[in-house]
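Work through the exercises below with the sequence and the structure open. Try each task before reading its solution.

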Amino acid sequence: MEFLTDAITEFLKSSSAVIAYVALFGIVFAESGVLIGFFLPGDSLLITLGFLASQELFNLPLLLITMTIAAITGDSVGYAFGRRVGPNLFNKPDSKFFKKSNLQRAHNFYTKYGARTIVLARFVPFARTFAPILAGMSNMRYRTFLTYNIVGGVGWVFSVTLLGYFLGKVIPNLDHYILYIIGAILVLSAIPAVLEYRSHKKHQAKEASEKD
C-alpha cells in the first residue's frame, strides 16, 4: 500500500491538481458502475486519499464532493447500461475482464437484499460494480434506485475516506500500517460475499439431494 501512496503522491507532484482530480474521478466512476471496473481499487484508493488529505496533499471537502459525484454518476450509468442490455449479459462469454460468476454472485446478493443492495453493495467489492447493472436489468424504478444510490454513494465515500483521514491525523507514520488497515477492510467487506456463497452452495446441494 505504500506503493499506492507513493504513486499517487508522485502523480500529484508531476501533474496539475485538475488532472489529478479528473483521473481519480474516472477511477471511482468506473469502479462504481462500468462493467470492467470491478478490478479497480475502490476501498483502498479512498482510504489512501483520506490519508493523503490528512497530510494536506488533497483538499478534504473537495475530495469528498468529487468522489461522491463520481460514485453516484457511475452507478447511474451502470443502471442505464443494465436497463439497455438486460439479460443478454448472462449469455456473454467469459473474458479477461468479465466473469459470469461475478455477475451471478451479485445477482444472488441482489435477490436476497432487494433495493437495499444498492447501499450494501457499496461495501462489497464484486457487488459494487454489478449491483446498479442488475437494478437496471430488473427494471427497478429509477427514483427508487437514485435514492438508494445517493445514500450508498455518500455513505461509502464519506465513511472510507474519513476513516483514512482521521487515522492519518491520530496515528504517526500511518503509511507503514495502512496495508494492514486496508486488509482488514477487505476482509470485512468480503464477509457478506462468503456468507452468500455458502448459502448458494447449500441451496444447490439441497436441490441436488431432492432430485436424487
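**Exercise 1. State how confident the prediction is, for the chain and for its helices.**

Solution. The model is predicted. Start with the whole chain: its mean pLDDT is 75, and 58% of its residues reach 70 or more. Then look at the helices: confidence is lowest in helix H9 (residues 178-211), at a mean of 58, and highest in H4, at 92.

**Exercise 2. Describe the overall fold: which elements occur, and how much of the chain is buried?**

Solution. Count the elements: there are nine helices and zero strands. Next, turn to burial: of the 212 residues in the chain, 44% are buried. Finally, consider the contacts between residues at least 6 apart in sequence: 78% of these join residues at least 24 apart.

**Exercise 3. Find the largest nonpolar core and the helices that supply it.**

Solution. The largest nonpolar core has 21 residues, and Val28, Phe58 and Met67 have the most contacts inside it. Helices H2 (17-33), H3 (42-54), H4 (60-85) and H8 (142-170) each supply at least two residues of this core. H3 gives the most, with seven residues. A second, separate core has nine residues, among them Ile118, Ala121, Ala131 and Phe145.

Now take methionine 67 as an example. Leaving aside neighbours within four places in sequence, methionine 67 is in contact with Tyr21, Leu24, Phe25, Val28, Leu46, Leu49 and Val157.

**Exercise 4. Compare the span of helix H3 with its expected span, and say how many of its residues are buried.**

Solution. H3 has 13 residues. The expected span is 1.5 Å times one less than the number of residues, which gives 18 Å for H3. From its first C-alpha to its last, H3 reaches 19 Å, close to that value. For burial, 13 of the 13 residues of H3 are buried. After the helix comes glutamate 56, whose phi is positive, near 65°.

**Exercise 5. Decide whether arginine 122 is buried or exposed, and list what surrounds it.**

Solution. First place the residue: arginine 122 lies in the loop between helix H6 (117-120) and helix H7 (125-137). The relative accessible area of arginine 122 is 1%. Buried means under 20%, so arginine 122 is buried.

Next, list the contacts, leaving aside neighbours within four places in sequence. Arginine 122 is in contact with Ser32, Asp43, Ala71, Ile72, Asp75, Arg128, Asn149, Gly152, Gly153 and Trp156. With asparagine 149, the side chain of arginine 122 makes a polar contact of 2.7 Å.

Note on methods
Residues numbered from 1 in each chain as written. Predicted model: local features only at pLDDT ≥ 70, side-chain atom pairs only at ≥ 80, totals over all residues. Heavy atoms only, no water. Core = buried A, V, L, I, M, F, W, Y, C linked by side-chain atoms within 4.5 Å. Buried < 20%, exposed > 50% of the residue type's maximum accessible area, 1.4 Å probe, protein only. Helix = DSSP H or I, 4+ residues; strand = E, 2+ residues; numbered from the N terminus. Contact = heavy atoms within 4.5 Å. pLDDT = per-residue confidence, 0-100. Polar contact = N/O pair within 3.5 Å; in protein donor to acceptor, adjacent residues only side chain to side chain.
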